[in-house]
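Subject: Handover of a structure and summary of findings

Dear colleague,

Please find below the structure that I am handing over to you. I would be grateful if you would look through it together with the notes that come after it.

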Amino acid sequence: MVPRRPVPTRSRGRRGSGDRPGTSASEHAASSPVEAARGHYDDGAVVGAAAAERGVPPRVVTLVLVCLIAFAVVFTSLRAYLSQQAQYDAVVDQIEEARTTSTALEEELELWEDEDYVRAQVRERLGYVMPGETSYVVVGAEQFEDGARGEVGGDQEDQDSPWYTTLQDSARAAGQGEEPDEEHGEEQDG
């Protein structure tokens, strides 16, 4: 057991000062915040229980405020860091794309430094020929090239189209083929 110190009584007309009948000095000590914080014992009960009835202790409020301030500082710093990291990643991607483009352009520049490549491009794009060569131009060649491309494209279209469109086209073609036969059949009957 902890020895108790005598508590000075104050008689300034304050309530709960211990001067009133029915209140003792130990009850007055329990109402004192300093004594309640020290946790003096009074008849086997902790006097600090009265402090718990008052509300939230100041230490808890201080701890909550410090945590909120720390969260605000860390959150804003973290958000700024993540934003800068995203910008950095975007810039790195742009640099990598620029390097790829630069490499492709350098390779093309090396091709243009080769005389055989330049001659081939001049012949193909501009239609030039070397001295002593004869150039032949086929008139209407585009029509045959487009027809050949159309046939290849048509087959490729059929392969890319869904099965039911192929079935519809087939049924239409079969239906068109039967109509002239029916007409011939009616003419023979009549």
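The notes below describe the overall make-up of the structure and then its local features.

**Overall make-up**

Please bear in mind that this is a predicted model. The secondary structure of the protein consists of seven helices and two strands. Read from the N terminus, the order of the elements is α-α-β-β-α-α-α-α-α.

Of the 190 residues of the protein, 5% count as buried. The protein exposes about 16900 Å², and carbon and sulfur atoms supply 56% of that area. Among the contacts in the protein with a separation of 6 or more, residues 24 or more positions apart account for 8%.

**A nonpolar surface patch**

V56, V60, V61, V64, L65 and L68 make a nonpolar patch of about 510 Å² on the surface. One of these residues, V56, is found in the loop between α3 (49-54) and α4 (58-113). V56 has a relative accessible area of 58% and is therefore exposed, since the cut-off for that class is over 50%.

**Salt bridges**

The count of salt bridges comes to five. As general background, side chains of opposite charge can pair when their charged atoms come close. Three of the bridges are described here, each within a helix.

In helix α4, E96 and R99 lie three residues apart, which is about one turn of the helix. These two residues form a salt bridge in which the closest N and O atoms are 4.0 Å apart. E96 is partly exposed, with a relative accessible area of 43%, and R99 is exposed, with a value of 53%.

In helix α5, R119 and E115 are four residues apart, again about one turn of the helix. Their side chains meet in a salt bridge, at 3.6 Å from N to O. R119 counts as partly exposed at 41% relative accessibility, while E115 counts as exposed at 54%. This bridge does not stand alone: E115, D116 and R119 are linked in a network of salt bridges.

In helix α7 (residues 163-189), R172 and D169 lie three residues apart, about one turn of the helix. The side chains of R172 and D169 meet in a salt bridge with an N to O distance of 3.6 Å. Here R172 counts as exposed, at 52% relative accessibility, and D169 counts as partly exposed, at 42%.

**Aromatic pairs**

The structure holds three aromatic pairs. In one of them, the rings of W112 and Y117 have their centres 5.2 Å apart and their planes at 85°, so the pair is edge-to-face. W112 is partly exposed, with a relative accessible area of 32%, and Y117 is likewise partly exposed, with a value of 23%.

W163 and Y164 form another aromatic pair that is edge-to-face, with 5.9 Å from centre to centre and 85° between the planes. W163 counts as exposed at 66% relative accessibility, whereas Y164 counts as partly exposed at 45%.

**A buried glutamine**

Is Q121 buried or exposed? Q121 has a relative accessible area of 11%; because buried means under 20%, this residue belongs to the buried class. Q121 is found in helix α5, which covers residues 115-126. Leaving aside residues up to four places away in sequence, Q121 touches W112 and L126. W112 thus appears twice in these notes, as a contact of Q121 and as a member of the edge-to-face pair with Y117.

**Points to view together**

When you open the model, you may wish to take the following items in turn.

- Helix α5 holds the buried residue Q121 as well as the bridged residues R119 and E115.
- Helix α4 holds the bridged residues E96 and R99.
- Helix α7 holds the bridged residues R172 and D169.
- The loop between α3 and α4 holds V56, which contributes to the nonpolar patch of about 510 Å².

Yours sincerely

Methods
Residues numbered from 1 in each chain as written. Predicted model: local features only at pLDDT ≥ 70, side-chain atom pairs only at ≥ 80, totals over all residues. Heavy atoms only, no water. Patch = residues over 30% accessible without salt bridge, like charges linked within 9 Å, V, L, I, M, F, W, Y side chains within 5 Å. Areas by Shrake-Rupley, 256 points an atom, 1.4 Å probe, with all protein chains shown as cover. Buried < 20%, exposed > 50% of the residue type's maximum accessible area, 1.4 Å probe, protein only. Contact = heavy atoms within 4.5 Å. Phe/Tyr/Trp six-rings, centres within 6.5 Å; stacked < 30°, edge-to-face > 60°.
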